[in-house]
Structure formats: structure tokens, C-alpha cells
Amino acid sequence: MLEKLNQIQGAALEALDSVADEAALEAWRVTHLGRSSALMEVFSGLGGLSREQRPAVGQKANQVKNALEAALAERSGTLRAASLKRSLEGERLDVTLPGRRIPMGRLHPDSQTMRELYRIFGEMGFQIFRSHEVESDEYNYQLLNFPVGHPARDMQDTYFVEAEGRGDNPIVLRTHTSPGQIHAMRHFVAGNPENPPPVRIVLPGVCYRYEQITNRHETQFEQIEGLAVGPGITFGDLKGTLADFARRMFGQETRTRFRASYFPFTEPSAEFDVECFLCAGKGCTVCKGSGWLEIGGCGMVHPVVLQNGGYDPQRYTGFAFGLGPQRMTMLRHRIEDIRYFYQNDLRFLEQF
Ligand code: FA5
């Protein structure tokens, strides 16, 4: 019996030499250590041996079992190491190769300027007020003192959304952010009609005009409106606010000037210019040699508009302004054509 155990061990170890993968190793385990293996038969036959034979055979059978299990563990380790080596060699990695660049998203230059404007006006105590892009003629024009047929309407060519059956009050795409002035004033008045609170808001958003598209004019563009209404507000407050804004936006040394102008909804009205920050007022191609850059329009809120907003013009005055953020971005970065803003060309967008 002891001889038989030696043979079992020898045959099993010999078979193990030719095991080349994990599946074959499992088959080997079943054949040589499994329940119906020759070795296990010896274990089951122990009970039938004589008392003298049993300890020696039992001991030897255990030795064989331990030897086979140890050989199995060792073989399994070698096979696993070999398979790991194979897979590592298959996926060889050249650590000297430069990495792949991960394209980073960034804010559109329009969004960057708008966020800066919100920050600056926020620090100056203005709230952000949002209004509609689709308006009625009444809000876009009539309540702002452009009566039906008024020639000043020609300053802003309009896109009509719905005209049929609406008489003098067609639905239009807003041509400027100024109709938001009426919405804002009415909103604040609604809180306390007897004693409406002061208004100090900026009103950002997209406007639409049926324009000839040029390097400085788009049919869709941004504006930011400002409105302050309260007792005793003067043109001096308007000048101070815009001059302070220009210094915060373009630098502490920036000079500003106001030129008389006309808007139906402000009286008096002005164009607001900042000293060209590219040539420090000396004159360059961007400011067309004048040393000044036009940033937007402004003025004191017309009494008719105050009244339409629900504020008594005997008790309240106000100022308003409307600036072109894209023009500011263009000036700052010397962008020559406004059409780049909406072309989604990464070669342009990646520069900001
Ligand atoms: C207005 O739209 C007035 N509502 C501004 C205003 C508000 C005056 C409050 C007084 C009180 P204007 O049409 O000039 O004004 O437009 C103001 C700014 O919007 C311009 O200076 C310019 O920066 C920008 N803008 C106007 N039209 C276009 C356009 N087609 N493309 C790009 N920007 C434009």
C-alpha cells in the first residue's frame, strides 16, 4: 500500500509538469486530489486495513496529500505570475510619451464680460433684474414715449412676431432692454403703490434689430440697461455712476465724457464715451483717431416714462443708461468683427 502511495505521488507530480494553464491545473486537481482520485480511495479504504497497517498507511497518505497540495499551490502561483507577465507585455506602456491634452471648457467672452458687469454694478449697489425678450409694441415703444408712427422708431428696425389682428400693439422682439424699465418700475410700485421704494437695477439681455450686419452690428446683440429711480436723483448722480463704472471696468485713470443726444424716453439724453484705453486718448485705429470710445446711451428718465412706470414725476426723478457689452469686449480685446461672437469657432473662443 505504501508503494502504491509512492506511485500515486510520482504519477501526479509527473502529470503536473505538463500543466500549462489554469484550466488544466483545475482538471489536474480534480483527477489527483478530487473525491474520486486514487489518493482519496486510499483514504476511504483505511477502515478496511488491519490495526497494524492503518497508522503507517494513514500517515503516508497524509504526507502524499500535503505534498500534492503544496505542488498545486506552487504551480498555481507560477501560472498566475506567467499570465500577469504576458498581459503586462501585451499592454506595454511608454512612460516617456507626452500625455494627451484634455480640452478645457471656458466661458464665452460675452459671459465673461457680463459676469464682470454684474460684479461691478453689484458692488455699486445695483440689483439684477431680468425681463422678457418678446415684448408688445406698447412696452417696447409706446410706454417709453415713442407714440405710434413716431420717427424715432426708425432708429431701431423691428422684428415682428405677431402683427395680424393686433392693431397698434403687435408682438415684437425687444429692440433694446429699455422696456424692462417699465416692468421694473411697475414691479417695485406693486410692492407699495402709495410709497414706492427707490429702484436701483441693472437689466441684462439679448436684443434684436433688423439691421444690416456689419463688423460692428449684429441682428442679435447684448445690452445692459441701468435704472435708478428715487427722490432727488440728478444728472450728477448719473455722471458719477457711469464715471465710477468706467474706472472700475477699464482702470482707475479712465476719463469719461457725455455728449448731448436724443432718446424719446430720457430728457436730457446723452451718449456716454470713455477715453480710449488702447491709446490713452492719443488716437488710434480703434477709436478712429478721436481718442474716445462710445459705450452707450443715457439720460434722465422722461417724466412720461416715470408716470407709465407708476412713479409720480413730481416726487421722483431717475436716470437710465443702456450699454453694449459686446462693444466693450471688442474694444478690450481688439476684436475687429462682432460676427465672431456667434460663430462658435474654437480658434476664436479658445483665445479668452
Ligand atoms: C438704445 O438702445 C437705448 N435704449 C439706450 C438707452 C437706455 C439710452 C437708457 C438712454 C437710456 P442705442 O440704440 O444707441 O440705444 O444702443 C445702445 C448700445 O447698444 C450701443 O451703444 C451699442 O453698444 C449696442 N448696440 C446697438 N445696436 C447694436 C447692434 N446692432 N449690434 C451690436 N450692438 C448694438
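**Gln223**

I started with Gln223 in this predicted model and listed what it touches. Leaving out residues up to four places away in sequence, Gln223 has contacts with Met114, His176, Thr177, Leu203, Pro204, Gly205, Cys207, Arg209, Leu323 and Pro325. I placed Gln223 in strand S6, which covers residues 220-230. Buried or exposed? I get a relative accessible area of 13% for Gln223, and the cut-off for buried is under 20%, so Gln223 counts as buried.

Next I checked the polar atoms of the Gln223 side chain. One of them sits 3.0 Å from the backbone nitrogen of Thr177. An N or O atom in that side chain is also 3.0 Å from an oxygen atom of the ligand.

**The ligand**

That took me to the ligand itself. How much of its area does the protein bury? Taken alone, the ligand exposes 680 Å², and the protein buries 93% of that.

I then pulled the surrounding residues and got 26 of them, the closest being His176, Ser178, Arg209, Glu211 and Glu218. For His176, I noted a polar side-chain atom 3.0 Å from a nitrogen atom of the ligand. Ser178 also puts a polar side-chain atom by a ligand nitrogen, at 2.9 Å. I noticed that His176 and Arg209, both among the closest residues to the ligand, are also on the contact list of Gln223.

**Asn140**

His176 turned up again when I looked at Asn140. Asn140 belongs to helix H6, and H6 covers residues 137-140. The relative accessible area of Asn140 is 0%, so I logged it as buried. Beyond four places in sequence, Asn140 touches Glu135, Phe146, Val172, Arg174, Thr175, His176 and Pro179.

**Gly149**

I moved on to Gly149, in the loop that runs from H6 to strand S3 (160-162). I find 66% relative accessible area there, so Gly149 goes down as exposed. I also took a C-alpha distance from Gly149 to Val286: the two are 137 residues apart along the chain and 36 Å apart in space.

**Helix H8**

What should the end-to-end span of H8 be? H8 holds 16 residues, 235-250, and at 1.5 Å a residue I expected 22 Å. I got 22 Å between its end C-alpha atoms, so the two agree.

I looked at both ends. At the start of H8, a side-chain oxygen of Thr234 comes within 3.2 Å of the backbone nitrogen of Gly236. Just after the helix, Gly251 has a positive phi of about 120 degrees.

Then I listed the buried residues of H8: Leu238, Thr241, Leu242, Ala243, Phe245, Ala246, Met249 and Phe250. What do they pack against? I found two helices' worth of entries and several strands on that list, including helix H5 (109-123), helix H10 (325-333), strand S7 (256-263), strand S8 (266-275), strand S9 (292-301) and strand S10 (317-323).

**Backbone oddities**

I keep in mind that most residues other than glycine have a negative phi, and most peptide bonds are trans. I went looking for exceptions.

- The peptide bond from Glu267 to Pro268 is cis, and I read omega near -5 degrees. Pro268 has its place in strand S8.
- Lys288 is not a glycine, yet I find a positive phi of about 50 degrees. Lys288 lies in the loop between S8 and S9, and its relative accessibility of 64% makes it exposed.
- Asn344 is another non-glycine with a positive phi, near 55 degrees. I located Asn344 in the loop between H10 and helix H11 (346-349). At 57% relative accessibility, Asn344 counts as exposed.

**Whole protein**

I finished with the overall numbers. I count 11 helices and 10 strands. How does the radius of gyration sit against that of a compact globule? For 352 residues I would expect near 20 Å from a compact globule, but the protein has 43 Å. The C-alpha trace spans about 125 × 50 × 45 Å along its principal axes.

Of the 352 residues, 43% count as buried. The protein exposes about 19,600 Å², and carbon and sulfur atoms supply 50% of that. I also checked contacts between residues at least 6 apart in sequence: 68% of them join residues at least 24 apart.

How values were computed:
Residues are numbered from 1 along each chain as its sequence is written. This is a predicted model: local features need pLDDT of at least 70, side-chain atom pairs count only at pLDDT 80 or more; totals for chains, interfaces and linings use all residues. Side-chain values use heavy atoms; hydrogens and water are left out. Helices (H or I, at least four residues) and strands (E, at least two) are DSSP runs, numbered from the N terminus. Buried means under 20% relative accessible area, exposed over 50%, partly exposed in between (1.4 Å probe, protein chains only). The expected span of a helix is 1.5 Å times one less than its number of residues. Contact means heavy atoms within 4.5 Å. A polar contact is a pair of N or O atoms within 3.5 Å; within protein, one must be able to donate a hydrogen and the other to accept it, and residues adjacent in sequence count only if both atoms are side-chain atoms. The radius of gyration is taken over C-alpha atoms; the globule rule is 2.2 Å times the number of residues to the power 0.38. Accessible areas come from the Shrake-Rupley method with a 1.4 Å probe; for residues, only the protein chains shown count as cover. A residue is near a molecule or strand if one of its heavy atoms lies within 4 Å of it.
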